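Please open the structure in your viewer and keep the sequence panel beside it. The tour below moves from the whole chain to a few places that can be selected one after another.

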Amino acid sequence: MPASITLSGLSYSTPDGRSLFDNLNLAFGSERTGLVGRNGVGKSTLLRLIAGELAPRSGTIAVSGRLAVLRQIVAPPTDMTIADLFGVRSGLALLDRAEAGDADLSELAAADWTLPTHLEASLSRLDLSVGPYTPLVSLSGGETTRAALAALTFDEPDLLLLDEPTNNLDRDGRRAVADLLASWRGGAVVVSHDRELLENMDAIVELSSIGASRYGGGWGAYRARKAIELAAARHDLDDAERRLSGERQAAQAQAEKQARRAGTGARKAARGDMPKIVAGGLEHKAEETRAADARLAERRLAAATSAVEEARGKLEVLVPFSVSLPSSGLVADRLVIRLDQVSVGYDTRVLIRDLSLEVRGPERIAIAGPNGSGKTTLLRTITGDLFPYCGTIDRRVDFAFLDQRVSLLDEAATIRDNFRRLDPSSGEEACRASLARFKFRADAALRTVGSLSGGERLRAGLACVLGRAQPPQLVILDEPTNHLDVESIETVEAGLRAYDGALLVVSHDEAFLEAIGIGRRVVLAT
């Protein structure tokens, strides 16, 4: 029987009562499906429901075939090795005893002599050259993710669930993930914002506040179809607004006509042109007609208003948020920052030696290099979070640093309070207007940062930094696209293209770097 996942009438609400899915019907088969949608819409939650980690409010989830889930390893135990990750420590230990002559006959019968070769092949598939007893803590974040992917496919499951598999991976790691999926013969559901990876999907499923929609083909085909839907939604909204305007005009014209008739009847009755009993009957009939016309007009107006709201709601789902930035005031060729013979690292491990770098005017520089080469360490040293081993750093302008955790935000405070703390000169109205541009309107601005999803958190960080009346003249970004949905990435790209300050960016997302106009790269070696 072919592997499949079938969701029937699925409904789920978050612990705070927010409904994510309501009567969702969806199926995944033996194909590679990209799962996309805006931050907070429930993509990762849907994967957890399929994996059985969460229970739906109602509905059923049927899985045919063996399922494997990519789990992000944030802080592995110090004694956890590659063998532990793959679940083969005992099997390898048995082979070691057998080779030493310490295994009995029953153990020898159970030994899998192909295990080391199978393990090595799985690691090589993801371009990893590590031994089975390599501690996970010795690997970079990207290497750990690749090891987790290798372990995921080790037992050849029928269906894969991957949540942002290319996050934190360098170019080689991203290519390894793409190659793995390209050669995968089973089914895969991939939550991702990586446009290169999504381009090679067999189908795209978009989650939104109005349900799920399936599109055949990869990212390009999906975007082309979305453009058609956006044009149609705008056309529908224009039609609905014209209808509403017409109904209002018709209601007003009818009311004026009835008023003129009533005035004529009143004047005739006052002159005694007709008997009172006749005048009273006509007045009663006129009242009934006016009431009927008013009810009809009310129904037509309500229908037209509902049509406008429905059309506007569909358009809201399709249109991403927009960013407009005030000037930073940075002039051309002004020295922004200078590094002179700087060496950085952790403890006794030097990652970067004798680096000299100048940033002038509104330059846009990418810090590039493979996982483990010290990119994030360099940014933390530039911002003053770490001290260099040697060398000097001369910072000449104000800057803002958005790390991967957006730690400049206070998790216990609301988005609004964070904005006012970071920009004390901003008034309440200006604060709310800036946050609204980043889609934190009304009560959404009063959510605590700790309650936000990863993408919402970065969007809040960008709002608090770029939305100020006077943006910083240098913005430093560490993997800014890791947790943003694609629509948000494209909007941030547009905003950063309009930003007239300097940019210093660490990112493995080539499409993002190209879109924001990176003019220079500083490549770090391992």
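What follows is a walk through a predicted model, with a selection to make at each stop.

**The whole chain**

Begin with the protein chain in a cartoon view, where the secondary structure comes to 16 helices and 17 strands. If you then colour the 526 residues by accessibility, buried residues make up 45% of them. Turning to a surface view, you see a chain that exposes about 25,200 Å², of which carbon and sulfur atoms supply 51%. Among the contacts between residues at least 6 apart in sequence, 71% join residues at least 24 apart.

**P56, in a loop**

Select P56 next, and you will find this residue in the loop between α1 (43-50) and β4 (58-64). Is P56 buried, exposed or partly exposed? Its relative accessibility is 27%, and P56 therefore counts as partly exposed, since that class begins where buried, under 20%, ends and runs up to 50%. Now add S11 to the selection: although P56 and S11 are 45 residues apart along the chain, their C-alpha atoms are separated by 5.9 Å. Leaving aside neighbours within four places in sequence, P56 is in contact with S11 and also with L10, Y12 and L49.

**W113 and a nonpolar patch**

Move on to W113, which lies in the loop between α4 (105-110) and α5 (115-125). With a relative accessible area of 49%, W113 is partly exposed. Select L105 and L108 together with W113, and you have the three residues that make a nonpolar surface patch of about 350 Å².

**E479, a buried charge**

Now select E479, in the loop between β15 (474-478) and α15 (486-498). Which side chain of opposite charge is nearest to E479? That side chain is R174, at 4.9 Å, and E479, though buried, has no salt bridge. Not counting residues up to four places away in sequence, E479 touches Q404, V506, S507 and H508, which are worth showing as sticks.

**α15, the helix after that loop**

Finally, select residues 486-498, which form α15. At 1.5 Å a residue, the 13 residues of this helix should span 18 Å, and the distance between the end C-alpha atoms of α15, 19 Å, agrees with that. Colour the buried residues of α15, which are V486, E487, S488, I489, T491, V492, E493, G495 and L496. When you look along the helix axis, it helps to recall that an α-helix has 3.6 residues a turn, so residues three or four places apart point the same way.

Terms used: Residues numbered from 1 in each chain as written. Predicted model: local features only at pLDDT ≥ 70, side-chain atom pairs only at ≥ 80, totals over all residues. Heavy atoms only, no water. Patch = residues over 30% accessible without salt bridge, like charges linked within 9 Å, V, L, I, M, F, W, Y side chains within 5 Å. Areas by Shrake-Rupley, 256 points an atom, 1.4 Å probe, with all protein chains shown as cover. Salt bridge = Lys/Arg side-chain N within 4 Å of Asp/Glu carboxyl O. Helix = DSSP H or I, 4+ residues; strand = E, 2+ residues; numbered from the N terminus. Buried < 20%, exposed > 50% of the residue type's maximum accessible area, 1.4 Å probe, protein only. Lys, Arg positive; Asp, Glu negative; His and termini not counted. Contact = heavy atoms within 4.5 Å. Expected span 1.5 Å × (residues − 1).
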